[in-house]
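Please walk me through this structure in running prose, linking the individual features so that they build a picture.

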Amino acid sequence: MSLNMFERRRWDFLTAMLLLFVSLCPLLTTCKPVPESLRKCATKALRGEDARQRIVTVQDDTYTDARLGEMIHDTLVIDLAHLNYVHVSDDHKTAKVGAGIRLGALYTALTGYDTTWVGGICPTVGLTGLLGAGGFNMQMRALGVSSDHVLSAQVVTADGETLLASPSSNPELFWAIRGGGGGTYGVITELELSLRELPRSAMVSISWNDTESRFATTKRFLEWAPRQPKEFTSQINVFKSTVQVVGWYLGGTRQDLQALVDDSGFLQIGQPESHVEGDCSTDNSRIFGVLTNDCLPDDEVDVSILNVIPEPFSQYENFTQFAFEENPVSTTIPTAEPWDRFRRLNKSFFVQKDNLVSDDTLREVLDRIAQLDEASEIWGEWHAWNLSATGDNAFAWREQAYAHLQFQAHGSDDPTTQAGYEKWFADLESYLRPTVGYVVVNCSLLFW
């Protein structure tokens, strides 16, 4: 992306933007210093007396920390995490928000207006990244993916133009930025979101602590969960030797959800520990199965996990941690504890409605999960899809997605162990991708 785009100093977002130079740096030990002329150019382009603090180059001891997760060579990385304001309309039906805000901070801000937004549950996820991938959330089977709940966006294109993207202004760009992939069409600086109150809900968490139950449980989940009422969105967490099902019945009662669970067949598999609760607030629902298995009185719900700062992660190894105005949205509740950083390996696959996973394939995948060691903390996070809501955006899987299979593991500092993990994921790709297949949309071949 050309630096001349930053010379247009009229943009308000320049007061919050952080630039990270990743220049000619294939390995940390061979990083070439950033020319002083480039540093001066960026400093001049940014607004504010603190512009120098917002530029991190290879000469800075915070460089490794600041660029984690963005190992892109010969490029300029733009960190918008501090572009995190929330301006709610007088009627509380819409909000204009800084595109760098994280979900936890967004929800924390909206709580003060007795409203919320249809988004994911992980508080450290960035809003724009979520929307670029479509927007998985635990209300999506009834309300659609998160990108369905965006009204407009401010986008800076590669030629330096600031455009309004909406159904009536640059509609093709508006279509593409919602579900068409992140970091592709421009730098999104602001989003206008459609807000709504979510009803009190019923929640379920069922756990099995034995390896023998994994196949029967995962098979039943894939058969059952995507076919339940659209108000019920659920996931199954598949670990090396244990399994957990978590579900959110939007607007449902405890009795409604207990009836679903009783009919599911889960309680007849092994020796499960089941928690079905009702009258859960939205904040309570977002932390259910993670911090609590109870629906608590509203004043007893610990929502501090949502009150994240712009850079909400822990220090990485012994590298100096970058920090810049790391202030939480709320000062009346505790700030979220830092989330641990780790070397993350990840793969995702969509199961399509006309190509369901066979028993043999499922057994093979579970056997592969069991092969990894405990240190990998291998986690299969599998979601029920089969969406009922319609929408017009670039997310390609809306019509065909039946389930989403995500695999995540912790990497290793040991080169041999790390190579083994990477081979495991490469082998999984070679095995499972041809099995679940690809999708063709508008003559474009896509895979996930």
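Is the disulfide of Cys 280 and Cys 295 left-handed or right-handed, judged by the torsion about the S-S bond? The model is a predicted one, and in it the torsion about the S-S bond of these two cysteines is about -100 degrees, so the disulfide is left-handed.

This bond deserves a fuller description. The structure holds one disulfide, and that disulfide joins Cys 280 to Cys 295 with an S to S distance of 1.8 Å. The pair links distant parts of the chain, 15 residues apart: Cys 280 belongs to strand 12, which covers residues 273-280, while Cys 295 sits in the loop between helix 9 (282-287) and strand 13 (344-352). With regard to solvent, Cys 280 has a relative accessibility of 0% and therefore counts as buried; Cys 295 has a relative accessibility of 16%, and because buried means under 20%, Cys 295 counts as buried too. A further cysteine, Cys 122, is partly exposed, since its relative accessible area is 29%.

From the disulfide we can turn to the sheet. Five strands make up an open sheet with antiparallel pairing, and their order across it is 4-5-8-6-7. At the edges lie strand 4 (86-88) and strand 7 (162-165), each of which pairs on one side only, and from one strand to the next the twist averages 15 degrees. Within this sheet, strand 5 (residues 94-98) pairs with strand 8 (residues 187-194) in the antiparallel sense over five bridges, and Gly 98 has Glu 190 in strand 8 as its bridge partner. Helix 3, made of residues 103-111, packs on the sheet and touches strand 4, strand 5 and strand 8; the direction of helix 3 makes about 35 degrees with that of strand 4.

The last feature is a pair of helices. The axes of helix 7 (residues 214-224) and helix 10 (residues 359-371) come within 10 Å and cross at roughly 130 degrees, and the two helices are therefore oblique to each other. The crossing of helix 7 and helix 10 is right-handed. Where these helices meet, helix 7 contributes Arg 214, Phe 215, Thr 218, Lys 219 and Leu 222, and helix 10 contributes Asp 359, Leu 362, Arg 363, Leu 366, Ile 369 and Ala 370.

Key
Residues are numbered from 1 along each chain as its sequence is written. This is a predicted model: local features need pLDDT of at least 70, side-chain atom pairs count only at pLDDT 80 or more; totals for chains, interfaces and linings use all residues. Side-chain values use heavy atoms; hydrogens and water are left out. Two strands pair if DSSP finds at least two bridges between them. Helices (H or I, at least four residues) and strands (E, at least two) are DSSP runs, numbered from the N terminus. Axes are lines fitted to C-alpha atoms, for helices over the stretch in contact, and angles run from 0 to 180 degrees between N-to-C directions. Contact means heavy atoms within 4.5 Å. A disulfide is a pair of cysteine sulfur atoms within 2.5 Å. Buried means under 20% relative accessible area, exposed over 50%, partly exposed in between (1.4 Å probe, protein chains only). Angles under 35 degrees count as roughly parallel, over 145 as roughly antiparallel, 65 to 115 as roughly perpendicular and the rest as oblique. A crossing is left-handed if the near helix is turned anticlockwise from the far one by less than a right angle, and right-handed if clockwise.
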